[in-house]
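Here are a few notes from a friendly read-through, set out point by point. I hope they help as you look around the model.

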Amino acid sequence: MLRLTKIMSLAALLAAPTMATAAEVNVVSWGGAYTESQKLGYGDPYQEKSGVQVNWIDYSGGLSEVKAQVESGAITWDIIDVYARDTIIGCDEGLFVEFDFDNDFPAGVNGMKASDDFFAPMPSDCAVGNILYSWNYAYNTDNINFDGSYPDSMEDFFNPSKYPGVRSLYSSAMSNLEFALVADGVPGADVYDYMEENGIDRALDKLSELCNDPNGGCIFWSAGAQPPEQLVSGEAIMATGWNGRHFNAIVNEGSPMKMVWDGQILDYEYFVLVKGGPNQAEAMEALKYFTSSEGLAGSAKHIAYAPFRISSLDIIMADEPWFNSPQAGAVEIMPHMPTAPANTKNYVLMNPEWYADNNTDINDAWEAWKANL
Amino acid sequence: MSAEIRTSDGELLSVKLRKVERRRRATAFLLAAPLLFFIVFAYVIPIFQMLGRSVDNVQMNEFLSNTHEAMQSWDGSEMPGEDVTSTFFYELKGLVEEKNHGKIATRLNYEKGGFTSLIKKTSRKLKDFDENGNFLDQFIDVHKKWGDIEYWLALKRGTDAYHYRKYLTTFDYEQKFDGSIERIPEKKRINVTLWLRTIFVAAGVTFCCFLLAYPISHLLSVLPTRYSNLLMICVLLPFWTSLLVRTSSWMVLLQKQGVLNDTLVSLGIVADEGRLELMYNMTGTFIAMTQILLPFMVLPLYSVMKTIPPSLMRAATSMGATPFLAFRKIYFPLTYAGISAGSILVFVLSIGYYITPALVGGAKGTLISNRIAYHMQQSLDWSLATAMAAVLLVAVLIVYWLYNKIVGIDNMRLG
């Protein structure tokens, strides 16, 4: 009897590893409230439906790690959540799978073929749209420096004599240059035309005024969770950031914060599929589900980012209040989307091609500016 | 004439001795061999392979070998002739078919901004070209940038198999298309500032570590073992905590609404509006880095001080020296070996630091290693990153060489 138990446990031991290596897909994203929304919105449902295990890995952007994985042949990442600029660079470098868009991705629930159902054309052949998010700024409503009057425009963010206090900015040039030009009076739609002229210098001068002002001053954030933290701790009075993170802090954590949508930068976020990975086939299947009408609508239940598909918005609107907050209960999400009409009165549409083209110049100017602050 | 000494088996003693010595050396080598192989294969070879990237452009040269050859006879004073443009057309066409045109676009974009969209747009339109027509005109029709001679000059030098331009960039110089070397425009100068700042931070942190570690190490060396062990654990504790946890703890302590400021305010030492700026500036960088690197100074100092007999100081004072004189003339010189070992350790470690300064240093927290990391991770300009890394490596080697000149490496005591 004892012997039988021994044999059985040995068999179980041998079987265990084979079971563990059954299909799994590694998805790399930005962590925090955002990854949580992806996991709850389409990661877990897909795992339940297909039996394929979906693992979530955090990163803070950039292509070096996946480049190193591809060059060394030890690929562990399957799907990555990236900026538009990185889909262009990564696709050029041959790191990602090129899609045959309408054949690879299912039509929307409204019957539209995939390429029509997605809001905008993809920036490269390797990209499939995920969300529309926004760079905007938020302030701490409890801060003693607000004397009954609160900021409501991008100009106010750059006006330290009216609203004294330290500002928190993103640690690289992206978003800061656009905000500065908008605050300097450039209409949101024309920002990149001015960039081609002497826009970078003009934006940096505007930023210098703010950061060198004795009433102002700047600190910098690099992880999406930082701006709300800095606002709540009082380290900054206003902070730029991603609208979903601000919204999460306000609704789920009850932080005394408010967002300002004037001069917001609308940006798209994408998924890419790493070429040559061991789970490429499974990952493709998972990606189909993630970016389906239901999948993308699912993540909007947990974060205030707009799904990339028109048909997903239909699903949400038919079923408001759609957002599901563990603390505040059900909340109507459409008014909090970066695409809501009230929020898009003056906005900039991010131009990834300008960044891809002028990457070196922009970054050198930005870092030199920062180093001489 | 001296008699030859022989061993019992009749061999010359000197020969036998040499044999034994050789065997002993072989044994020693065999014992060290696994480590040696490991270091060579896992460390030395990869480093040199990586550093090679700073000058290596062979892949580009192969992708566009015919264009490169055709361009050799073009002097660049006026627009290239049809021999060049047609060669480039056919070669680009081949690259598009093999889907390699994206790679040349990113590489060429390092030479001159704008190439990414230029190559992409041109690649899409290649099929519309009339192969009997004028190629240059057709290129310009696709994108007016082809009418700018600098793009052709960038193409010429961007296909050289080897180049040293990344090393110029490292020191804020650039090579113009006419071959002259100039400093880059003031608004874009960044690297020299960062080199100087890195050296300043490293030297400052080393000095702070020395100031703090010297008394601690002395105390450690004179205390009875049971107390000194406890104190030693306190010194070593930071070693057992992850770097990020330690840095985050400093952020909790130092921020404006942090523990330290709160305490000072509640004690009435500073006013609530006048809270100290301890973070997001140089102060924060110095405090956090000094604490993190302190053990590297304490350990060598302690091991040296432990060996100094207390009787030396007593002898000096008994002969009439004041305590200060005895310290200056006797004790301090005896600790030189520890000071220099600790200093070189701390200096070399802090010259490569970047996570801590980036988190607590604010706008002034960017050091040269941050730039290396940026070019590795974000811009993917690995050749520039490795050029900077090579310069950093050389800088460390120079420090080591100076140390060896001044102190002598044999005098180093690490513990």
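1. In which helix of chain B does B:Leu312 lie? This is a predicted model, and in it B:Leu312 belongs to helix H15 of chain B, residues 310–318. With 13 other C-beta atoms within 10 Å, B:Leu312 is partly exposed, because the count that would make a residue buried is 20 or more. The C-alpha atom of B:Leu312 is separated by 8.1 Å from that of B:Tyr331, 19 residues apart along the chain.

2. Next, the meeting of the two chains. Chain A brings 32 residues into contact with 29 residues of chain B. On the chain A side, helix H3 (64–72), helix H4 (84–92), strand S6 (218–221) and helix H15 (352–371) each supply at least two residues. H15(A) gives the most, with 14 residues. By class, the side of chain A that touches chain B has 11 nonpolar, 10 polar and 11 charged residues.

3. Chain A has two domains, and both are assembled from separate stretches of sequence: domain 1 covers 24–132 + 268–336, and domain 2 covers 134–265 + 339–371. Their C-alpha centres lie 26 Å apart. The contact takes 24 residues from domain 1 of chain A and 18 residues from domain 2 of chain A. Helix H2 (32–50) and H4 of chain A each supply at least two residues of the domain 1 side, and H4(A) provides its largest share, four residues. That side of domain 1 divides into 18 nonpolar, five polar and one charged.

4. Chain B is divided into domain 1 (6–47), domain 2 (58–163) and domain 3 (191–411). Between domain 1 of chain B and domain 3 of chain B, the C-alpha centres are 39 Å apart.

5. The nonpolar cores deserve a look. The largest has 161 residues, and those with the most contacts inside it are A:Ile79, A:Val272, B:Leu293 and B:Met297. H14(B) contributes the largest share of this core, 12 residues. Leaving aside residues up to four places away in sequence, A:Val272 touches A:Ile80, A:Val82, A:Thr87, A:Gly90, A:Phe96, A:Cys126 and A:Ala127. Apart from the largest core lies another, of 24 residues, among them B:Met71, B:Phe89, B:Ala105 and B:Trp152.

6. For a helix pair to inspect, try helix H17 (336–351) and helix H20 (382–406) of chain B, which pack at an angle of about 170° with their axes 11 Å apart. H17(B) is therefore roughly antiparallel to H20(B), as angles over 145 degrees count as such. From H17(B), B:Ser340, B:Ile344, B:Phe347, B:Val348 and B:Ile351 meet B:Val396, B:Val399 and B:Tyr403 in H20(B). The residues of this contact divide into seven nonpolar, one polar and no charged.

7. Finally, two backbone spots to check. Most residues other than glycine have a negative phi. A:Ser175, however, has a positive phi near 85°; A:Ser175 is found in the loop between strand S5 (167–170) and helix H8 (176–183) of chain A. A:Ser175 counts as buried because it has 22 C-beta neighbours inside 10 Å. B:Tyr280 also has a positive phi, of about 60°, and is found in the loop between helix H13 (259–266) and helix H14 (282–306) of chain B. Is B:Tyr280 buried or exposed? B:Tyr280 is buried, with 28 other C-beta atoms within 10 Å.

Methods. Residues numbered from 1 in each chain as written. Chains lettered and ligands numbered in written order. Predicted model: local features only at pLDDT ≥ 70, side-chain atom pairs only at ≥ 80, totals over all residues. Contact = placed C-beta atoms within 7 Å. Nonpolar A, V, L, I, M, F, W, Y, C, P; charged D, E, K, R; others polar. Buried ≥ 20, exposed ≤ 12 C-beta atoms within 10 Å, placed from the backbone. Domains from an automatic or database assignment. Core = buried A, V, L, I, M, F, W, Y, C linked by C-beta atoms within 7 Å. Axes fitted to C-alpha atoms, helices over the stretch in contact; angles between N-to-C directions. Parallel < 35°, antiparallel > 145°, perpendicular 65-115°, else oblique.
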